[in-house]
Amino acid sequence: MTTPTAESALAPSDAVLDREETISRDELEALQLSRLQHTVAYAYDRVPLYKRKFDEAGVHPTDLRELSDLGKFPFTTKEDLRLEYPFGMFAVPQREVARIHASSGTTGRATVVGYTKKDLADWAKLVARSLRASGVRPGMKVHNAYGYGLFTGGMGAHAGAEALGCTVIPISGGQTERQITLIQDFKPDAILATPTYLLTIADAMMKQGIDPASTSLKYAVLGAEPWTEEMRHELETTMNIKACDIYGLSEVMGPGVAGEAVETQDGSHIWEDHFRPEIIDAFDPTVVLGDGEPGELVFTSLTKEALPIIRYRTKDLTRLLPGTARPAHRRMGRITGRSDDMIILRGVNLFPSQIEEIALRIPELSPHFQLELTRPEGQRMDQLTVKIERRESVTVEGSATAAKVLQQQIKIHVGSSCTVDVVEPGSLERSNGKLRRIYDMRPKA
């Protein structure tokens with residue numbers, strides 16, 4: 001009898017899947033319809049906002065007879081949650097709310113979300129499912145560098161890792177030097193973080209003379225900001241890991257709405273037994289698009305108790321694709337950006353992820369960049385400057401050549417002119433969690 005090795009014991013194919021991960025598409029859609037009908041009626045009966053919006057739109061929960069009927073119902077937006085601040089969206093009495101999370105409120109009044117005990121159990125189960133899909137296994141040590149507190153990332157990821165049977169190291173975000181010490185001393189198998197913060201950790205390791213590829217880390221489960229295949233390659237090569245995406249947002253649940261399978265790494269499967277996704281035209285939201293067509297992602301929750309959400313406009317731009325590693329559950333294509341992060345430069349739509357994708361194909365340039373928008377005095381045209389760090393081994397002459405290449409490639413692939421400023425390594429702000437890419441320095445109207 002052959003004894004399995006440690007590596008074979010951790011192979012993705014050895015994972016025990018939830019029953020809902022293995023059902024057919026027909027079974028899944030039947031489950032969705034049943035849960036959707038319950039959720040729409042539940043929200044109408046318990047949340048005044050939904051009763052008002054449905055009545056104004058002339059629809060009633062009994063109008064939902066098949067999945068396509070969801071398109072008859074009105075959207076929910078972040079502004080709705082802000083107007084109902086703090087607890088107007090809750091569908092249960094306060095005594096049944098086990099936990100509250102909220103956004104930072106830096107761009108307006110905070111959005112508040114609540115969870116019953118069942119909601120928290122479902123959330124932990126879905127994060128565990130996402131982590132397992134990405135290669136994490138029971139018994140592994142998981143270094144959690146998502147921020148704790150009112151932000152859903154830290155505690156959501158923590159509960160999911162515990163539900164999976166992992167040992168959690170709850171370091172939170174920031175304190176990069178301490179992060180490195182704990183990675184070296186505790187020898188975790190997996191790390192949970194934003195992609196730009198993992199890049200910050202890798203850079204800090206190199207500055208200390210530590211080879212990022214020499215650590216115990218095997219898996220990284222990364223989310224909370226858009227990232228590209230080029231960034232995945234950068235992190236996997238630098239750190240000798242497998243890096244997978246995890247997707248979520250507080251208004252829908254938190255991390256774990258969708259997760260990427262390590263064996264395919266071809267986009268996050270949406271856990272459609274708990275969420276019904278749609279893609280709409282971001283400029284004409286009355287148009288619901290088919291699978292494969294790019295647009296804005298919309299979610300309806302199917303099992304949430306404290307805060308059911310109906311047709312929530314996420315502002316995330318992507319497309320729906322057939323399932324692969326989990327065939328019944330559709331995948332999300334890479335998030336190309338957020339409609340509210342889109343830069344319109346001289347009539348051309350531009351996203352930071354496009355710059356990242358192009359820049360990381362140029363060997364002399366690092367993944368560290370910022371976009372500055374200005375409007376010089378006396379001019380009517382906006383100007384874009386891409387500030388990007390050169391790699392340590394690149395000379396000044398090499399930087400100048402790389403700047404010209406990046407400028408040309410942005411013009412070719414994006415369709416807009418810009419200025420490229422290649423700066424010294426380490427001179428741009430580093431991520432301590434979510435990284436700010438766009439600096440709008442135009443005069444305020």
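These notes cover a five-stranded sheet, a strand pair and a helix contact in a predicted model.

1. The sheet. Strands pair through backbone hydrogen bonds, either parallel or antiparallel. Here five strands make an open sheet with antiparallel pairing, and their order is β11-β10-β12-β13-β16. At the edges lie β11 (288-289) and β16 (337-338), each of which pairs on one side only.

2. Strands β10 and β12. Within this sheet, β10 (residues 275-280) is joined to β12 (residues 295-301) by six bridges in the antiparallel sense. Ile279 has Leu297 of β12 opposite.

3. A helix on the sheet. Helix α3 (residues 25-46) packs on the sheet and touches β10 and β12. The direction of α3 makes about 95 degrees with that of β10.

4. Strands β1 and β2. Four bridges link β1 (residues 99-102) with β2, again in the antiparallel sense. Gly114 in β2 is the bridge partner of Ile100. In a regular strand, side chains alternate between the two faces of the sheet. In β2 (residues 112-115), Val112 and Gly114 point one way, while Val113 and Tyr115 point the other way. All four of these residues are buried.

5. Helices α6 and α7. The axes of α6 (residues 117-133) and α7 (residues 152-164) come within 7 Å and cross at roughly 75 degrees. Angles of 65 to 115 degrees count as roughly perpendicular, so α6 is roughly perpendicular to α7. Residues of α6 in the contact include Trp123, Val127 and Leu131; those of α7 include Gly156, Gly160 and Leu164. By class, the contact of α6 with α7 has 10 nonpolar, three polar and one charged residues.

Key
Residues are numbered from 1 along each chain as its sequence is written. This is a predicted model: local features need pLDDT of at least 70, side-chain atom pairs count only at pLDDT 80 or more; totals for chains, interfaces and linings use all residues. Side-chain values use heavy atoms; hydrogens and water are left out. Two strands pair if DSSP finds at least two bridges between them. Helices (H or I, at least four residues) and strands (E, at least two) are DSSP runs, numbered from the N terminus. Contact means heavy atoms within 4.5 Å. Axes are lines fitted to C-alpha atoms, for helices over the stretch in contact, and angles run from 0 to 180 degrees between N-to-C directions. Buried means under 20% relative accessible area, exposed over 50%, partly exposed in between (1.4 Å probe, protein chains only). Angles under 35 degrees count as roughly parallel, over 145 as roughly antiparallel, 65 to 115 as roughly perpendicular and the rest as oblique. Ala, Val, Leu, Ile, Met, Phe, Trp, Tyr, Cys and Pro count as nonpolar, Asp, Glu, Lys and Arg as charged, and the others, Gly among them, as polar.
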